[in-house]
Amino acid sequence: MIAALLWLGGSALAGFALFPTGKNNLVWAVLAGSALGAAAVLILSILMGLNGWAVALAGILAVIFFAFTHRRIPVRVSLEKPALVLLLLAAVFFSLVAVSVFRIEDVPRGVRIDFGFHQSIVTSMANGNVPPQHPLLSGEPLRYYFLPHLVSAALMAGGLDVQWATWIPFVVWNAALCVGIFLLARRLLGSSAVAALAVVLFLFNGSFAWIPYLQTHDVIGQWDAFVQNPGFLSDYRQAGFPFENNLVAQNVFTRSFPLGFGLLLLLVFGLLEKWDLKKMGVLAGLLPLIHLPSFGLWALFAAAYALAFDRRKEWWMHGAVAGVLAVPALALLLGAPVASTMQPHWGWMAPDASPFGWLVFWLGNIGLYAMLAAWAAWQKPKSELTKMTVAAFPAFVIGNAVLLAPNPWDNIKLFVLFFLLLAMGAADALAKLWKDGVALKTVALGLVALMTLTGVLHAASVWAHRGDVMYPANDWAACRWLDGNVPKDAVLLTDGTHTCASVLAGRRVVVGPDEWLDNHGLDYRQQLQDNNAMLAGDCALLERYDVSYFYDGGYLGRGAPINRTFWNSQEKTYDQQGVTIYTAACEPDRP
């Protein structure tokens with residue numbers, strides 16, 4: 001635990017080395033320090049493996065870096081009262097969310113949506129899988145932005161348990177992101193109250209999906225049935241309402257989003273404050289391994305903003321610094337298996353991609369936000385908010401013109417910055433309505449209710465599942481045994497089941513659940529064929545894939561034939577409550 005705490009403290013100090021002074025530098029220092037600390041751990045882990053010593057050394061180096069810079073520029077920690085209040089409220093709120101989404105009681109409980117994929121990256125890296133191979137597809141490098149996951153893995157390697165290692169970054173980054181949104185909105189709008197409203201509108205955004213939902217459901221009379229579906233908005237993606245609630249879809253279930261988008265807002269804020277573009281280039285260059293969509297958003301936004309509104313000569317140095325850091329990461333993340341999934345497709349997920357159908361589609365998803373923001377922009381056409389909204393628009397166009405992943409819904413990540421700026425404009429318009437009499441105050445309250453109804457319903461449905469069993473008792477018992485008796489670098493054979501063996505025990509598997517492989521455009525047909533052959537008893541393949549054990553447990557497998565005669569001839573190292581772990585120890589003369 002000492003190593004983890006040393007690294008956390010050192011990372012924070014490294015952030016202050018970049019932002020030693022300035023109003024509210026605490027928030028930006030925390031975000032920047034997280035990025036720098038993760039990068040330091042990655043380099044040291046590649047050199048000496050991810051362990052407590054690497055984590056402690058990263059913390060010591062961060063302290064030295066801070067001490068060197070502190071001698072030249074004294075540090076003054078700053079956080080104004082409104083920002084401090086919001087930080088504390090956000091920390092409490094996201095602490096409740098963190099414990100609800102994942103906790104270990106008698107069994108792991110929480111909400112399963114995408115948890116298994118992200119947590120398997122964390123625990124496999126904590127077991128030494130650095131640089132990371134894909135934990136759910138043997139032999140494939142992990143082409144996914146993993147630095148935020150490495151933070152949790154480093155905390156585990158430094159002595160924290162899996163719960164605290166998951167909770168701490170989640171709470172810190174989400175709280176910092178909320179304050180970052182607040183500071184940017186206040187800088188653009190000039191009011192703390194309006195900025196706070198912008199935070200609420202962003203987190204609890206909703207579409208008009210509540211209209212078709214309430215036409216067929218009685219939420220009040222059938223509340224129990226409603227809360228049985230934590231992703232109820234997903235039912236309306238194909239019906240024309242794929243722009244889902246940010247709190248649920250981004251902050252809660254996308255592990256990399258709070259840090260990545262928080263750093264993006266740091267860079268945007270830096271443009272307004274005329275910060276050193278070279279320094280900003282360091283953070284921009286780290287973004288691909290933190291949150292690739294935020295890097296793409298920054299590249300598009302910065303290019304548009306520089307061309308239209310900010311012609312500083314230092315931009316070339318910003319691009320050079322960012323490029324040196326980003327190009328190796330982009331080469332890893334945008335390899336052929338991923339790049340080949342891009343395809344032109346107009347209209348994103350609009351059921352009718354005609355110009356009129358596309359317009360109706362977006363009005364149904366963000367119509368009130370867009371109309372209110374347009375009204376605010378019409379009143380202040382030369383404001384900084386209007387300029388930034390214009391600069392964010394190219395990403396919105398690209399997200400409507402090109403599908404970047406096999407799952408079209410993933411394009412939502414390209415719309416987040418544009419939508420945030422729309423939310424700020426909408427908050428400004430609502431504030432103007434609020435000042436113009438009782439009648440318009442009522443209109444403003446009604447609009448806020450309509451704009452957030454779907455988001456509140458979505459958050460409520462997820463909250464209702466906070467006690468769900470993520471992995472049943474028999475699977476959890478087997479995983480605890482496995483964690484103490486099977487080497488951390490062991491490769492397991494499964495039938496693609498969801499199991500805590502890969503998610504919480506961190507053992508890599510040959511081929512994991514299909515959904516997390518399909519969504520990332522991976523071609524795993526050969527591995528799947530080999531996986532099925534190994535289940536049938538192919539010893540040559542078991543040896544080629546270096547499989548140590550067959551984990552016969554979990555739920556929702558593929559249902560491939562299993563050669564019970566062959567596997568019953570192997571040693572059963574664990575056999576309790578319907579879960580069996582076999583040793584894959586083929587004899588040399590076995591076919």
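The following paragraphs lead through a predicted model, beginning with its surface and ending with its enclosed spaces.

A nonpolar patch on the surface offers a starting point. Leu6, Ile43, Leu47, Met48, Trp53, Leu57, Ile60, Leu61, Val63 and Ile64 make up this patch, and together they have about 960 Å² of accessible area. Two helices, α2 (25-48) and α3 (52-70), each supply at least two of the patch residues. The greatest contribution comes from α3, which provides six residues. Ile43 is a member of the patch and belongs to helix α2. Its relative accessible area is 52%, and because the threshold for an exposed residue is over 50%, Ile43 is classed as exposed.

Ile43 also leads to the second largest pocket. This pocket holds about 640 Å³ of space. It is lined by 27 residues, and those closest to its centre are Ala39, Ala40, Leu42, Ile43 and Leu286. Ile43 is therefore listed both in the surface patch and among the residues closest to the centre of this pocket. Four helices, α2, α3, α13 (277-290) and α15 (315-333), each give at least two residues to the lining. Helix α2 has the largest share of the lining, with eight residues. In chemical character, the lining comprises 25 nonpolar residues, two polar residues and no charged ones.

Helix α13, one of the contributors to that lining, also contains Lys278. Lys278 has a relative accessible area of 38% and is partly exposed. The C-alpha atoms of Lys278 and His318 are 4.7 Å apart, although 40 residues separate the two in sequence.

Attention now turns to charged side chains. The whole structure contains 17 salt bridges. One of them joins Arg186 to Glu80, with 2.4 Å between the closest N and O atoms. Arg186 lies in helix α7 (residues 162-189), whereas Glu80 lies in the loop between α3 and α4 (81-101), and the pair thus links distant parts of the chain, 106 residues apart. Glu80 has a relative accessible area of 25% and is partly exposed.

Another salt bridge is formed by Lys380 and Asp428, whose closest N and O atoms are 3.8 Å apart. This pair also links distant parts of the chain: Lys380 is in the loop between α17 (355-379) and α18 (384-401), Asp428 is in helix α19 (residues 416-434), and 48 residues separate them. How do the two partners stand with respect to the surface, buried or partly exposed? Lys380 is partly exposed, at 38% relative accessibility. Asp428, with a relative accessible area of 8%, is buried, because the limit for that class is under 20%.

The side chains of Arg507 and Asp483 form a further salt bridge, with an N to O distance of 2.7 Å. Arg507 is located in the loop between α22 (500-503) and β6 (508-509) and Asp483 in helix α21 (residues 473-485), so this pair ties together parts that are 24 residues apart in sequence. Here the arginine is the buried partner, since the relative accessible area of Arg507 is 1%. Asp483, by contrast, is partly exposed at 38% relative accessibility. Salt bridges also occur as a network, in which Arg103, Glu105, Asp106 and Arg109 are linked.

The last topic is the space enclosed within the protein. Rolling a probe the size of a water molecule over the atoms reveals where space is left empty. There are four cavities of 30 Å³ or more. The largest cavity has a volume of about 150 Å³. Its lining consists of 14 residues, and Val101, Phe115, Phe170, Val252 and Arg255 lie nearest its centre. Helices α4, α5 (115-126) and α7 each supply at least two residues of this lining. Helix α7 gives the most, with three residues; α7 is also the helix that carries Arg186 of the salt bridge to Glu80. The lining of the largest cavity has ten nonpolar, two polar and two charged residues, whereas the lining of the second largest pocket has no charged residues.

Methods
Residues are numbered from 1 along each chain as its sequence is written. This is a predicted model: local features need pLDDT of at least 70, side-chain atom pairs count only at pLDDT 80 or more; totals for chains, interfaces and linings use all residues. Side-chain values use heavy atoms; hydrogens and water are left out. Patches are made of residues with over 30% relative accessible area and no salt bridge: like charges are joined within 9 Å, nonpolar side chains (Val, Leu, Ile, Met, Phe, Trp, Tyr) within 5 Å. Accessible areas come from the Shrake-Rupley method with a 1.4 Å probe; for residues, only the protein chains shown count as cover. A salt bridge is a side-chain nitrogen of Lys or Arg within 4 Å of a carboxyl oxygen of Asp or Glu. Buried means under 20% relative accessible area, exposed over 50%, partly exposed in between (1.4 Å probe, protein chains only). On a 1 Å grid over the protein atoms alone, a cavity is a set of points where a 1.4 Å probe fits but cannot get out, and a pocket is an open set with protein on both sides within 12 Å along at least five of seven lines; lining residues have an atom within 4 Å of a point. Grid points are joined across faces, edges and corners, and a volume is the space filled by probe spheres set on the points. Ala, Val, Leu, Ile, Met, Phe, Trp, Tyr, Cys and Pro count as nonpolar, Asp, Glu, Lys and Arg as charged, and the others, Gly among them, as polar.
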